[in-house]
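Ready to poke around in a protein model? Work through the exercises below with the structure open beside you, and try each one before reading its solution.

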Amino acid sequence: MNPSRPGGGDPVSALSTPVPVIDEDVVAGNIARVQAYMDEHGIAFRPHIKTHKIVAMAETQRAAGAKGINCQKVTEAEVFAAAGFGDILITYNILGAEKLHRLRALNGRLEALKVTADSAVTVDGLAQAFAADRPLTVLVECDTGGGRCGVQAPEEAVVLARRITGSAGLRFGGLMTYPKPGSAAAVEAWLSQALELLEKEGIPCPTVSNGGTPSLFEAHMVPSATEHRAGTYVYNDRAMVRAGHCTFDECAMHILATVISRPTEDRAVIDAGSKALTSDLLGFSDFGHIVDYPEAVISGLSEEHGVVDLSRCAGRRPEIGEKIRIVPNHTCVVSNLFDEMVFHRGGRVTRVEAVAARGMVW
């Protein structure tokens, strides 16, 4: 077996490490579970492909019933547009001449491209780049409590919607939010007030896009929303387990790593550092959950090394050369660290997929 390019049927245990491995059955279960929930509640589902950045995965999500896809950057959207996806929402403030030039070309090719904006500066830049013969659809991003981007009040959303409708090259597409988890009531109050104000202004609001994996199963509690966006759900990760969204058994991605050193009884070193696991803590004090040794703690990372504290392990401890499985804190970042993802079923490789949108960060 060529360890850099495994073939179908090869054992996962023989892979060269560090390498992310994706369980086919767990992925399929995650996709089916979420799509069934959205279908049950009559909510359009728009998966965020930044989690996997893989064309075949997006095609699977679409085949399951997803309505369009969500991208985060222009170059990421270009990859999926080239693969035949026509309904793409880019949830980002797009600024700068080069980006606007590429966005204009993308809009000329797609049937349903949409972007978001939360300021007059961004809207005016878009308005200058687009014309009435091929207008761009723009949603107003709303900060309903998430504390990131977004207008701060429903009244401000209306002001910006008015600015969009007054621009010949733009079309008002609705409202978009990325809320704080567990805040469905506050999100609904914010959005419903904005919708009332828009109606008074005579401005139609075709789409209200809610989002996030942590709040995914609260989507039905925001009836003003017409669609929900989520990305991490497809693989899940340690942060999603902590949030109560899933269990470790529903985490499809493991980072397979090898113990390369045991300098002391209580310390192991693995070949997965920040270039494989990411340095994202997301509120944790360590860098991933070791499935095979749950009491062990990945206490530190350098670029190529991960230091594992074994002092809490009461039983057997890993030996040099042993391969271990790690659930990462944040799966989305891991996807941008590797060129390929190895998929398996029952410990046997089923396919290898290129991470087509890897590095597409603007």
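Helices here are DSSP runs of H or I with at least four residues, numbered from the N terminus. One thing to keep in mind: this is a predicted model.

**Exercise 1.** Find out which residues of helix 2 are buried, and what covers them.

*Solution.* Start with the helix itself, residues 55–64. Its buried residues are Val55, Ala56, Met57, Ala58 and Gln61. Next, look at what sits over them: the cover includes helix 1, strand 2 (44–47) and helix 3 (74–82). Strand 16 (340–345) and strand 17 (348–354) are also part of that cover. Finally, step just past the end of helix 2, where glycine 65 has a positive phi of about 130°.

**Exercise 2.** Decide whether glutamate 24 is buried or exposed, then track down its side-chain polar contacts.

*Solution.* First, place the residue: glutamate 24 belongs to helix 1, which spans residues 24–40. Now check its relative accessible area, which is 11%. Buried means under 20%, so glutamate 24 counts as buried. Then follow the side chain. One polar contact, at 2.6 Å, goes to the side chain of threonine 350, and another, at 2.8 Å, goes to the side chain of arginine 351. Leaving out residues up to four places away in sequence, glutamate 24 touches Phe343, His344 and Arg345 as well as Thr350 and Arg351.

**Exercise 3.** Work out where threonine 278 sits and what surrounds it.

*Solution.* Look in the loop between helix 9 (274–277) and strand 12 (289–290), and there's threonine 278. Its relative accessibility is 3%, so threonine 278 is buried. Skipping neighbours within four places in sequence, its contacts are Gly273, Phe287, Leu301, His330, Val333, Val334 and Leu337. Close the exercise with two distances. A polar atom of the threonine 278 side chain lies 2.8 Å from the backbone nitrogen of aspartate 280. Serine 335 is 57 residues away along the chain, with 10.0 Å between its C-alpha atom and that of threonine 278.

**Exercise 4.** Describe the largest nonpolar core and one of its well-connected residues.

*Solution.* Begin with the size: 49 residues. Phe80, Ile88, Ile90, Leu103 and Leu126 have the most contacts inside this core. Helix 7 (residues 184–201) contributes the most to it, with six residues. Now zoom in on leucine 126: beyond four places in sequence, its contacts are Ile94, Leu100, Leu103, Val115, Ala117, Leu136, Val138 and Leu170. There's also a second, separate core of 43 residues, with Ala56, Tyr235, Met253 and Cys313 among them.

Terms used
Residues numbered from 1 in each chain as written. Predicted model: local features only at pLDDT ≥ 70, side-chain atom pairs only at ≥ 80, totals over all residues. Heavy atoms only, no water. Helix = DSSP H or I, 4+ residues; strand = E, 2+ residues; numbered from the N terminus. Buried < 20%, exposed > 50% of the residue type's maximum accessible area, 1.4 Å probe, protein only. Polar contact = N/O pair within 3.5 Å; in protein donor to acceptor, adjacent residues only side chain to side chain. Contact = heavy atoms within 4.5 Å. Core = buried A, V, L, I, M, F, W, Y, C linked by side-chain atoms within 4.5 Å.
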